[in-house]
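Q: Could we go through this model together, taking one kind of feature at a time and reading each in general terms before turning to the case at hand?

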Number of protein chains: 2
Amino acid sequence: MLKRYLLAPGPTPVPHEALLAMAAPVLHHRTPQFAEIFRRVAAGSRELFGTRQPVLPLASSGTGAMEAAITNTLSAGDRVLVVSGGKFGERWAQIARTHGLEVTEIPVEWGCAVEAAQVAAALRRHPDVRAVLMQHSETSTTALHPVERVADLTRDSDVLLIVDGITSVGVLETRMDEVGIDVLVTGSQKAIMLPPGLALIALSDKAWAASAKSTLPRYYFDLAKARASFAKDSTAYTPAISLIVGLEAVYRLVEEQGGWPAVYRRHGILAEATRCGVRAMGLRLLAPSAPSPAATGVWMPEGMDAGVLTRYLRDVMGVTVAGGQGQLEGKIFRLGHIGYADTFDVIVGLAAVEMALKHLGADVVLGRGPAAAQEVLLQMYQG
Amino acid sequence: MLKRYLLAPGPTPVPHEALLAMAAPVLHHRTPQFAEIFRRVAAGSRELFGTRQPVLPLASSGTGAMEAAITNTLSAGDRVLVVSGGKFGERWAQIARTHGLEVTEIPVEWGCAVEAAQVAAALRRHPDVRAVLMQHSETSTTALHPVERVADLTRDSDVLLIVDGITSVGVLETRMDEVGIDVLVTGSQKAIMLPPGLALIALSDKAWAASAKSTLPRYYFDLAKARASFAKDSTAYTPAISLIVGLEAVYRLVEEQGGWPAVYRRHGILAEATRCGVRAMGLRLLAPSAPSPAATGVWMPEGMDAGVLTRYLRDVMGVTVAGGQGQLEGKIFRLGHIGYADTFDVIVGLAAVEMALKHLGADVVLGRGPAAAQEVLLQMYQG
C-alpha cells in the first residue's frame, strides 16, 4: 500500500478544490458562462504577474510560451544574450537558434546565479543585442537569478528582458511592470498547482511594440491574435478549458487562504526548512549562495548515484523527487517545495531521503533532517 | 494553505481508487450489473472475516450492526456479559439494556485488556449467561482484548461470543470460523478505507440457530431477511450502493498490493513505529501492555489539556488526531494508523505532535519521535 508523494519541482500536487472544479462537466468556451470565468482568471493572473497587461493563457506547456516569447518579439538574425546556467538556460538558446537568432551565451556554473555585472559586460561587448533571455528560477540547478538587477540594465534601453518565470511566478513576489520585465512566462504545473497543459504569458508595452516589428513566423502562438481575443474574454483557438476552470479555483483558494503574500512566505519557510534539513543530514547544497525557493538541489554523498536513490524513493517508498539533468545527472537530487506543498511535505521528503540513503549504505543518522526542518517550520504557525 | 491530514482511528482516509469508483454514476441495485459487484464484494468480505458464512452489508454505521447483533440473537431478560473497558464496551451495555437484557459488566481499567480468567470467572458465577459482548480493539482506549482466549471459553458451550471488530477487522488477521466468533461486526470507515455508512456483520451457525429463537423485535436490521436477500445477491432494503462499489475497489486494491497479509504486517509496523516514536518523545502510552495495532493512545504531559493539543493540531496545523472519550477526555490523545495509512503518516503525526507540544510549552526535543519511528519503519521496505 504505497501512497504516492509528489515532491518534485513540477508537476506538483493539485489541491482537491481544483481537481473537483476540473472534474465538473466541460463548459463550452464560446459562452457567457465561460467568459465570466475567463474574466475572473484574467484579473487573478494580472495580480499574480504584477502587471496591467493582459496575461494571455495558452494551451501549451511552458516551453510553448517560451517559444512564443521569442517568435513574437524578435526577427531572424537578431542577437540575443542567453543566461546559460542550467538546462532551461540551454533551452532558451536552443529555441533562439531554431529561429535563426544570433545567440551569445553568458556561461554560468551550474548551481550558481549569474552576476548582473556579467550581463552588463556582455551588453557592452554586443551593442546589437535585442533581448536578454533568462530564467528567474533555474529549475535544473535550483539557483535563483537576479532578475531585478538585470532589469536595471535593460529597463531604459531598447533591449527586451525575456524571463522564464516557470518556477518563480507564484513562488516569490513578481512585479513585472515595476521591475521592468518585458516578457514573462509561466506554466500551470508549478506554483499555480494545476496539471500541465496551460501556460501564461504577458508582454510589456515595449515588447508589444517589438512584436509589431518582429518578422518571425507564428500562427498558433500569435500573441497579437491572442490579445485581440483576450479583449473579448476569449482565446484565438480552443483554450484548455478545464485548466482555466481549475485556475479560477486556485485563485479563489489562494484568496481564501491569505492571498499571495502568505503563499510567498510559505515558500520561503519551506525552502529554508529543507535547506536546514539537508545540511543537518550532512549533505551539501547545489546552490547554497542563491537558492531558489521552489526546489532544493542536493549533491549526492561521494560515490553514490543519484539515480539509484531517486528510483528507490519512487519505486519502493512512493516518494517522487527529481534527479539531476544534463551535466548533473546522477550527481544530484532535487526536493521540490513548490505549489501545493506544506510543512509535512518537507518532513516527509527529508525523512524519506534519510531512510533511503541509510538503506543504500550511506552514513546517515535518522531524524536529523526532520528535526532541523521542524525547528524552522514552527514559523509556519506563528504570526 | 493548510493541507488536511486525517490521523484519527476513524473516519480514515479513503484511497483515490475507491473515491473514483464511488464518484461514478450511481448504479441501480436491482440489476445484474450490481449483483455481479455484490457477489465479488461478498467473496471479499468472507475472506476478510475468515468465514464461510454470508457477510451481510447493512446501510448503517457500526453501531447499527452492533444493535443488529443483539436484536437478532437474544431475547428480553437474557443475561449477557459485557467486557467494559472503554466507551465501546459501555455501548454494548447500553444497547443490551435498551432491549431489556440483564447486563453483567466485567469492569476493566481503561487502557488495559480484559483477562480471559475474568470472563471465565464471570461465566462460572452466572451460568445463565447467553452471550459475551466485547470489543476486539477497544478504540477509545487503544487496548486489544484477547478474543481468541475468550472464544476458548465459549466455543463449546451455548454461550454466544459477539465481537465488535470495528477497529480490528482488516487491521489484524480475523479467523471468525476457526476462532469461534459467533457474531462479528465491522464498519466501513476504519480499516476498509471507505467513508462511513456501511456496516458488515456475519453470524456463526450457532448464532443463526439462536436467531431463530430470539424474540427481540427487529425490522430494518432483520438479519434473516438480509440473509435471504443475500442468497439472491441482493439486500432486503436499499443498500449503500456507492459504498459497496467502493468496497469492491478496496478489495481489488488490497489484492493488487499483496493481499491482507501485507495489510496486517503494515499495521503492525506502523503501530510499533508510533509507539517507539511516542516513547522517544518521553510520553507514556495509554495501553502499553496490550496495544491495538489500529491506534495508539498517549497520556498528555502532566498538567496539559489534550483538548488544547488536539485543537491546535487540527485548526492550526491541519492534523486531525483524536482526543480522549469519557473518563479519558482531556487526558489523552490518540494517533490512528488504521486503513489507508503509511510510513509517512506516522512520521507526520509524530512530527506534528512534537511541534504542537513545543508550541504549547512542553519540554520536547524536536525530531526524537520521527527518528525513532524511522528506525522501525525501515522494515516496511525490507522483505
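Q: Why can one say that the copies meet through the same surface?
A: Before the answer, please keep in mind that this is a predicted model. Of the interface residues of chain B, 96% are also interface residues in chain A, so the copies meet through the same surface. The contact is made by 26 residues from chain A and 27 residues from chain B. On the side of chain B that touches chain A, the elements that give two or more residues are helix H11 (259–280), helix H13 (343–359) and helix H14 (368–377) of chain B, and H13(B) gives the most, with 8 residues. Sorted by class, that side of chain B has 16 nonpolar, 4 polar and 7 charged residues.

Q: What rotation superposes chain B on chain A, and which residue of chain B comes closest to the rotation axis?
A: Chain B is superposed on chain A by a rotation of 180°, with 0.0 Å of shift along the axis and an RMSD of 0.0 Å. That is the relation of a two-fold axis. The residue of chain B that comes closest to this rotation axis is B:Gly367, whose C-alpha lies at 2.8 Å.

Q: Turning to a single chain, which domains does the domain assignment give for chain A?
A: The assignment divides chain A into domain 1, covering 16–255, and domain 2, covering 260–381. The centres of these two domains of chain A, taken over C-alpha atoms, are separated by 28 Å, and the contact between them takes 23 residues from domain 1 and 23 residues from domain 2. On the side of domain 1 that touches domain 2 in chain A, the residues divide into 11 nonpolar, 9 polar and 3 charged.

Q: How should I read a sheet, and in what order do the strands of the open sheet in chain A run?
A: In general, the strands of a sheet pair through backbone hydrogen bonds, either parallel or antiparallel. In chain A, 7 strands form an open sheet with mixed pairing, in the order S2-S10-S9-S8-S5-S3-S4. Its edge strands are S2 (56–58) and S4 (102–107) of chain A, each of which pairs on one side only, and the twist from one strand to the next averages 20°. As an example of one pairing, strand S3 (residues 79–84) and strand S5 (residues 129–135) of chain A run parallel and are joined by 4 bridges, with A:Leu133 in S5(A) as the bridge partner of A:Val82.

Q: Which helix of chain B lies across S3, S4 and S5?
A: Chain B has an open sheet of 7 strands with mixed pairing, in the order S2-S10-S9-S8-S5-S3-S4, and here S2 (56–58) and S4 (102–107) of chain B are the edge strands. Helix H5 (residues 116–125) of chain B lies across S3, S4 and S5 of that chain, and runs at about 150° to S4(B). Beneath the description of strand order, S3 (residues 79–84) and S5 (residues 129–135) of chain B run parallel and are joined by 4 bridges, in which B:Leu133 of S5(B) is the partner of B:Val82.

Q: How is a pair of packed helices described, and at what angle do H1 and H10 of chain A pack?
A: Two packed helices are described by the angle between their axes and the distance between the axes. Helix H1 (residues 16–23) and helix H10 (residues 241–256) of chain A pack at an angle of about 145°, with their axes 8 Å apart, and H1(A) passes H10(A) in a right-handed crossing. From H1(A), the residues A:Glu17, A:Ala18, A:Ala21 and A:Met22 take part, meeting residues of H10(A) that include A:Ser242, A:Val245, A:Gly246 and A:Leu253. By class, this contact of H1(A) with H10(A) has 7 nonpolar, 2 polar and 2 charged residues.

Q: Finally, which peptide bond of chain A is cis, and where is A:Met193 found?
A: As a general guide, most residues other than glycine have a negative phi, and most peptide bonds are trans. The peptide bond from A:Gly10 to A:Pro11 is cis, with omega near 0°, and A:Pro11 lies in the loop between strand S1 (5–6) and H1 of chain A. In chain B, the peptide bond from B:Gly10 to B:Pro11 is cis, also with omega near 0°. A:Met193 is found in the loop between strand S9 (183–187) and strand S10 (199–203) of chain A, and its phi is near 65°, a positive value in a residue other than glycine.

Conventions: Residues numbered from 1 in each chain as written. Chains lettered and ligands numbered in written order. Predicted model: local features only at pLDDT ≥ 70, side-chain atom pairs only at ≥ 80, totals over all residues. Axes fitted to C-alpha atoms, helices over the stretch in contact; angles between N-to-C directions. Left-handed = near helix turned anticlockwise from the far one by under 90°. Contact = placed C-beta atoms within 7 Å. Nonpolar A, V, L, I, M, F, W, Y, C, P; charged D, E, K, R; others polar. Least-squares fit on C-alpha atoms with pLDDT ≥ 70 in both. Domains from an automatic or database assignment. Pairing = 2+ DSSP bridges.
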